[in-house]
Every structure is written in structure tokens, then in C-alpha cells.
Amino acid sequence: MSTITMEVTRYRPGEDSEPTVQSYEVPLRKEWAVLDGLNHIKDHLDGTLSYRWSCRMGICGSCGMTVNGRPVLSCASFLVDYAPGPVRVEPLRNFPVIRDLVVDISDFMEKLPRVKPWLIADPPEEGEFLQTPEEMDEYKKYSMCINCMLCYSACPVYALEPEFLGPAAIALGQRYNLDSRDHGAEDRRDVLASAEGAWACTFVGECSTACPKGVDPAGAIQRYKLTAAVAAMKDFLMPRGARR
Amino acid sequence: MTAYRQHIPLFWWLRQWSYLVFVLRELSSVFVAWFVVYLLMLVSAIGDGTYADFQAWSGHGWVLVLNVVALAFLLLHAVTWFALAPRAMVVPHVPPWVVLVAHYLAWIVLSAGVAWVVLLR
Ligand code: SF4
Ligand code: FES
């Protein structure tokens, strides 16, 4: 059976001062994703290798890694597509590495609640909220985010300015802003329209290229810039009472 | 916790074409500023009646080269900025390409207007 070489970044906190690379030969099977290669290493070659995964089907968002220089879900990237190899597997860029391929995303976890990613609405008088399919289409793609962090890893603005709120957080703010049931756009504005929010983005577009769920965070951010600019103009031109 | 902070390599912007374009676009703002200065100089030369001197100065080799480079950066700036427009302006029932074409049409009309003023008046 043919094999492929996987060059995996290793980092053992407290032991290594910086990451090293370790090579492993794994079977090259057409149905094997990069994650299956890593599982083979863990089960048969080296039990000390650490990485995150759960669903193996592009749902949980925990298996993001840098494979041959690109941020991808390792469960959705197939070894045969990297043949004859070697396949270079590194942790996601732009995040601190806890161990081997495991990164620390607490920065995002701290930023996410700032955009208030929940419905801000009074419950309906009776029954339930109603929404037409067209109204749902307005925000649906933004709701597909699985918090996989590939977009943060792809974003050079986030790399250079870590205060940047980042693609997924802004897209998730928009997910609620564009929801017909929500009335929280004004509450989210201070954060989304700040210098660290949408305005920090210079439309590199790599977040949307990297996103495995078609969320298009770059589009969400550009769209929000226009919304924010219009809102700011209204504030400027209209007397207080007449706004909205 | 002794997490390892990944550093950004000096030439990170050569890793990908899109990163290079990003850096060039950031740089283009310098040339946008230059064109603003150049335009103000032109207006003040017309005001002072020293337009002929300004024209002679603009004909110097280095000014020409600077302006050609600045033009290239401004085109990059404009084209990438327009590419963003259909994503920013989501108009109901209007396909994104129409928004894009409308921008280019507006550009052509305005440029023709400016050319008419500069060349024919
Ligand atoms: S926007 Fe896309 S790439 Fe970013 S975290 Fe969500 S699913 Fe992942
Ligand atoms: S393991 Fe869940 S997304 Fe890859």
C-alpha cells in the first residue's frame, strides 16, 4: 500500500522553547482526510501527539489547522489531494499554541459576547415569532458559522492588529442585525462600528476564501461598513428625535 | 500556561498573492495623499497665474515618474475598492454585477467630464 509523509509541528510546553517538526509515514487511502492521518499517528505511531477534533464532518469546528500553508478543517481536507506529499501540518496561525496542534482561542471567546450574538427582542405578544423564508435568507448564511477560526487564521489584519474584532465575530453580529426579529442593531453599533470593528478591515477577502461554511465574513463586514456610515450620517444630519 | 506565541515572519506578505495586494493597497494611500497635494498645487498655480511654471515643473523626469507610479497605485486602489462595492451594497432585487457596472460607468462619466474640462476648455 502506498504511503504519504506527514510533517507535523510539535510543541511541548515547558519542554520545548519553540516548535519542532516531526515526520510520520501514514497510509495513503483515498477516503482518508488529514485528520484520519493524524488519528493513525496517534493510535499506531505516537500517542503523545495532541490535536482537537470531534465530529469528523465539518460541523463542530474544532479541527482547524494549517495544512500546506492554508487554514483548513483537517476533517474535510483529503490526503490524496496533497499526494505525493509531504503534507505539512501546523497549528492555526495567529493564535498562541498550547501544545502541538492545539491553539488557544480565548481571544475570540472574549470578543464574541461583545457583539451580543443573541436575539435582542421583546417576546411576541402571543404565540411565536413569525418569519418569512425571504426574511430568513437575509441572515441565514451568517448563521452557518461553526467558530472554526479559519478566518482569523487567514486574516493579516488580525495578525498585525490583535485588537481587531475579527471576521467571525462581526459576521455573527450581522447575523442578528439582519434578523427581522431582532432590534439590537443600535446596541451593537458601538462595538461593530468602532476602529477595532468593521473599520479595521481592509477587505483582503481571505477570510471568505478560507471559510468552510460559505459564511462570507468579508462580505458581511463590507455590508456593515455601509450600514455604519449611513447611520453616522443620519446622526450627523438629523435632530435627535427624528432618528431611526 | 506557557503557550507559544507564533511570530509573524518578515516576509509574510509574500506568502500569498492576496496578502501582497493587501500591502500594496495599504501603500497606495501614500500616493492618494500625493495626488491630493498635487491637485492643490495645481489649483493654487492656476490661482496665482503661475500655471505655466507648474506645467514646466510637472514635465521634469522625476515628477513624471512619480505621477506614473502614483497613477498605477491609484488604479489599484480604485479597482479593489470597486470590487468591494457589490459586497457592501446589497440592493434588493438588483444583482451584484449591476452594482459593479454602475460604479465603473460612474467612473467613466466623471473621468470624461474631467478630461473635457482639462483638455478642451
Ligand atoms: S466565519 Fe467561517 S471561517 Fe470564520 S469561524 Fe465562522 S465558519 Fe469558521
Ligand atoms: S472534526 Fe468537527 S469540524 Fe472537523
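This report covers the fold of chain A, its salt bridges, its backbone outliers, the ligand shell and parts of chain B.

The model is predicted: local features need pLDDT of at least 70, side-chain atom pairs count only at pLDDT 80 or more, and totals for chains, interfaces and linings use all residues. Residues are numbered from 1 along each chain as its sequence is written, chains are lettered from A and ligands numbered from 1 in the order in which they are written, and side-chain values use heavy atoms, leaving out hydrogens and water.

**Chain A overall**

Chain A has nine helices and seven strands. Helices (H or I, at least four residues) and strands (E, at least two) are DSSP runs, numbered from the N terminus. Along the principal axes, the C-alpha atoms of chain A fill a box of roughly 70 × 40 × 30 Å. Of the 244 residues in chain A, 49% are buried. Buried means under 20% relative accessible area, exposed over 50%, and partly exposed in between, with a 1.4 Å probe and protein chains only.

**The β3–β4 hairpin**

In chain A, strand β3 (residues 64–67) runs antiparallel to strand β4 (residues 70–73), and four bridges join them. Two strands pair if DSSP finds at least two bridges between them. A:Val67 stands opposite A:Arg70 of β4(A). Two residues lie between the strands of this hairpin, and A:Asn68 takes a positive phi near 45 degrees there.

**Salt bridges**

Over all chains, the structure holds 14 salt bridges. A salt bridge is a side-chain nitrogen of Lys or Arg within 4 Å of a carboxyl oxygen of Asp or Glu. Three of them are described here.

| Pair | Closest N to O distance |
|---|---|
| A:Arg10 and A:Asp46 | 3.0 Å |
| A:Arg10 and A:Asp100 | 3.1 Å |
| A:Asp16 and A:Arg12 | 3.2 Å |

What do A:Arg10, A:Asp46 and A:Asp100 form together? Salt bridges that share partners join A:Arg10, A:Asp46 and A:Asp100 into one network.

The side chains of A:Arg10 and A:Asp46 meet in a salt bridge. That pair links distant parts of the chain, 36 residues apart: A:Arg10 is in strand β1 (residues 3–10), and A:Asp46 is in the loop between α1 (34–45) and β3 of chain A. A:Arg10 counts as buried, because its relative accessibility is 0%. A:Asp46 also counts as buried, at 14% relative accessibility.

A:Arg10 meets A:Asp100 in a salt bridge as well. A:Asp100 lies in the loop between β6 (97–99) and β7 (102–103) of chain A and A:Arg10 in strand β1, so this pair ties together parts that are 90 residues apart in sequence. A:Asp100 is buried, with a relative accessible area of 0%.

The pair of A:Asp16 and A:Arg12 forms another salt bridge. A:Asp16 is buried, with a relative accessible area of 18%. A:Arg12 counts as partly exposed, at 22% relative accessibility.

**Backbone outliers**

Most residues other than glycine have a negative phi, and most peptide bonds are trans. Which bond from A:Ala83 is cis? The peptide bond from A:Ala83 to A:Pro84 is cis, with omega near 5 degrees. A second cis peptide bond joins A:Gly85 and A:Pro86, where omega is about -5 degrees. A:Pro84 sits in the loop between β4 and β5 (87–90) of chain A. A:Pro86 is found in the loop between β4 and β5 too.

A:Asn94 has a positive phi near 75 degrees. A:Asn94 is in the loop between β5 and β6 of chain A and is partly exposed, with a relative accessible area of 24%. A:Asp216 has a positive phi near 55 degrees. A:Asp216 lies in the loop between α8 (206–210) and α9 (217–237) of chain A, and counts as buried at 15% relative accessibility.

**Ligand 1**

Ligand 1 is surrounded by 13 residues, and the closest are A:Cys145, A:Cys148, A:Met149, A:Cys151 and A:Cys211. A residue is near a molecule if one of its heavy atoms lies within 4 Å of it. By class, the shell has eleven nonpolar, one polar and one charged residues. Ala, Val, Leu, Ile, Met, Phe, Trp, Tyr, Cys and Pro count as nonpolar, Asp, Glu, Lys and Arg as charged, and the others, Gly among them, as polar.

**Chain B**

B:Ser28 is in helix α1 (residues 17–48) of chain B and counts as buried, at 0% relative accessibility. The C-alpha atoms of B:Ser28 and B:His77 are separated by 6.4 Å, and these residues are 49 residues apart along the chain. B:Val114 is found in helix α4 (residues 96–120) of chain B. B:Val114 is exposed, with a relative accessible area of 51%.
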